[in-house]
Amino acid sequence: MKRCIVLGKPNVGKTLLVLRLADYMKVKDVDITFQDPGGAKYSRKYPMDIAVRELVGALPHQTKCLQSVSIEFRAGKGKKTVELMDTTGLIEQIHDDPLTRKAMAQTLSALRGAQIIIHIIDAHLAGHEDAVSDPTERDLDMQLAAFAGPRGGYCIVANKMDLPGAKRGLARIRRLFTGYKVLPVSAATGEGLKEVRRHVLRNL
Amino acid sequence: MPAFERRNPNLVLVGLEEGRLSPVEAIQALRTSSDSHTKKREIETESLASSEWRLNEALTELDSLIGLTAVKALVRELVAYIRIQRIREMRQLASEALVLHMVFSGNPGTGKTTCARLMGKLFREMGVLEKGHLVERERADLVGEYIGHTAQKTRDQIKKALGGILFIDEAYSLATGGEKDFGKESISTLIKAMEDNKDRFIVILAGYREEMAKFIQSNPGIRSRFPIHIEFPDYTVEELMLIADLMLKKRDYRLDLAARARLEAHLSRNLGSNSEHSGNARLVRNIIERAIRRQALRLVDRKQLTREELMLIRREDIEGNHEAVHRFG
Ligand SMILES: Nc1nc2c(ncn2[C@@H]2O[C@H](COP(=O)(O)OP(=O)(O)O)[C@@H](O)[C@H]2O)c(=O)[nH]1
Ligand SMILES: [Mg+2]
């Protein structure tokens with residue numbers, strides 16, 4: 001089974017993208033496996049709308065551990081199962097809460113074992129950031145791309161394309177991350193999910 | 001960042017968990033780690049937690065060894081030192097290269113091999129060594145019969161030890177053969193391999209205290225490359241008794257009071273005697289194993305045996321004379 005990790009800063013729409021992709025792939029009830037940083041595992045089945053309501057949040061760090069969903073992809077004649085992993089958002093600084101730090105370590109650990117990597121950047125936010133001051137070496141997205149990019153199966157999703165200013169954000173992301181595959185998506189409207197699906201399929 | 005560090009990104013993640021590294025610093029450190037360079041996408045089956053768990057496991061095992069106070073303290077120091085050097089590196093502070101080749105001196109049966117094996121485990125969990133296995137060798141395994149043969153033999157053994165520890169027992173015997181002896185060739189081959197494979201294996205030279213001291217003194221090439229010296233003192237009688245109890249307990253036996261007294265008297269006598277076997281755990285093992293056989297002989301013709309009788313080692317099962325020791329030593 002291939003593992004596809006979805007990661008990025010907090011609140012960029014990782015959880016929503018995972019759920020919307022599952023929905024797009026015709027998953028009715030999402031069976032989510034929560035994997036505690038300590039090693040404990042449990043799973044819960046949600047109807048899609050409830051999953052979105054309960055797991056997607058306006059506040060950062062709503063996702064506190066690895067949450068994975070299995071999705072079947074039709075590949076050629078057969079079927080292939082992909083484990084889609086939603087993760088705890090990564091920040092630049094040292095976080096105060098030990099559990100969140102643990103969860104972030106878990107994100108990086110899972111990244112090392114993933115064959116497909118979806119790195120989400122908030123295009124809406126990028127469009128509103130001061131275009132003059134480009135991110136430094138210490139920017140999390142820059143570091144993440146430099147680390148994950150060469151590993152293969154990697155793409156950047158510029159999310160929240162439905163929001164104003166996101167087009168400008170997308171252009172900025174394309175400029176800052178030249179050489180990487182960048183897919184414009186709106187997890188909210190479903191725009192671009194087809195391309196995300198194709199990216200996963202290509203790397204199976 | 002030294003090569004071995006690149007093999008254990010788990011440490012980077014521990015740093016992140018413990019709040020010593022920010023996620024950005026952690027990603028930077030992981031980036032320089034080899035698995036991203038080589039594009040080798042190893043499946044990360046073992047979690048961080050399990051590596052930490054096994055490290056603690058090995059430390060607990062070390063602590064559970066009887067005696068060896070100085071060794072235990074030194075290992076703790078080393079573990080702490082390695083960690084801090086790593087963190088300093090990740091935070092871009094000057095850090096020293098880790099040179100962990102060691103000299104173990106002490107009589108046979110004082111715990112040298114056991115400690116070496118445990119260190120292998122510890123170093124593996126800390127990412128210092130890739131595998132952490134122990135390759136135990138002596139002169140005959142390293143030295144050959146004709147010119148060129150020795151270098152080949154020594155290299156072969158080193159190859160087996162890559163990723164782990166090469167433990168050379170009675171190492172001084174490599175230097176005792178005089179000018180023409182091939183032992184010298186073995187030493188120079190070893191030193192060259194240590195240079196060529198920095199960080200890929202650890203060499204432990206072991207042997208009697210005086211002989212080792214002389215050996216190290218007269219070989220500057222070795223002296224400068226083995227910064228860690230650990231002495232393994234003889235066990236005291238109390239420690240030997242604890243060792244005996246532990247050995248018996250593991251096998252579901254125990255000593256009755258008279259047997260205890262006899263064993264203790266025997267060990268004290270031996271300790272004073274300054275014989276080759278004094279103060280070592282091998283002596284205890286031999287006596288215990290002999291006692292178990294003697295107990296069996298005592299019981300074998302009896303019809304009714306209680307559980308208690310099957311477990312009990314009595315005074316007459318403990319052999320008191322030196323003969324037994326030498327026969328099975
Ligand atoms: N408008 C818009 N909002 C989004 C989109 N994706 C996510 N969001 C919102 O962004 C917030 C964070 O989403 P969530 O999936 O929890 O982010 P995560 O922390 O990365 O998992 C929520 O309020 C979502 O409703 C998008 O494509 N468009
Ligand atoms: Mg989330």
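**Entry 1: salt bridges**

I began by fixing the term: a salt bridge is counted here when a side-chain nitrogen of Lys or Arg lies within 4 Å of a carboxyl oxygen of Asp or Glu. I kept in mind that the model is predicted, and that side chains of opposite charge can pair when their charged atoms come close. With this rule I looked over all chains, and the count came to 23 salt bridges.

I then asked how many salt bridges are found between chain A and chain B. The count there is one, and I traced the pair to the side chains of Glu17(B) and Lys102(A), which meet at 3.9 Å, N to O. Since the cut-off is 4 Å, I noted that the 3.9 Å of this pair falls within the rule.

**Entry 2: the contact of the two chains**

I next looked up the contact as a whole, to which chain A gives 25 residues and chain B gives 26 residues. The area buried between the two chains is about 2500 Å², and carbon and sulfur atoms account for 60% of that area. For polar contacts across this interface, the rule finds three residue pairs, with both residues at pLDDT 80 or more.

Which elements of chain A give two or more residues to the side that touches chain B? I found α3 (98–112) and α5 (140–148) of chain A, and it is α3(A) that supplies the largest share, seven residues. Sorting the residues on this side of chain A by kind, I wrote down twelve nonpolar, five polar and eight charged.

**Entry 3: the surroundings of ligand 1**

I turned to ligand 1, which has 18 residues around it, and noted that Asn11(A), Lys14(A), Thr15(A), Leu16(A) and Asp162(A) come nearest. The shell around the ligand divides into eight nonpolar, seven polar and three charged residues. Which helix gives the most to this shell? I found that it is α1 (residues 14–24) of chain A, with three residues.

I also looked up where backbone atoms approach the oxygen atoms of the ligand. For Gly13(A), a backbone N or O atom lies 3.0 Å from an oxygen atom of ligand 1, while for Lys14(A) the distance from such a backbone atom to a ligand oxygen is 2.8 Å. A polar backbone atom of Leu16(A) is 2.9 Å from an oxygen atom of ligand 1. Last, I checked how far the ligand is covered: on its own ligand 1 has 580 Å² of accessible area, and the protein covers 85% of it.

Key:
Residues are numbered from 1 along each chain as its sequence is written. Chains are lettered from A and ligands numbered from 1 in the order in which they are written. This is a predicted model: local features need pLDDT of at least 70, side-chain atom pairs count only at pLDDT 80 or more; totals for chains, interfaces and linings use all residues. Side-chain values use heavy atoms; hydrogens and water are left out. Contact means heavy atoms within 4.5 Å. Buried area is the accessible area (1.4 Å probe) that two parts lose on being put together, summed over both. A polar contact is a pair of N or O atoms within 3.5 Å; within protein, one must be able to donate a hydrogen and the other to accept it, and residues adjacent in sequence count only if both atoms are side-chain atoms. Helices (H or I, at least four residues) and strands (E, at least two) are DSSP runs, numbered from the N terminus. Ala, Val, Leu, Ile, Met, Phe, Trp, Tyr, Cys and Pro count as nonpolar, Asp, Glu, Lys and Arg as charged, and the others, Gly among them, as polar. A residue is near a molecule or strand if one of its heavy atoms lies within 4 Å of it. Accessible areas come from the Shrake-Rupley method with a 1.4 Å probe; for residues, only the protein chains shown count as cover.
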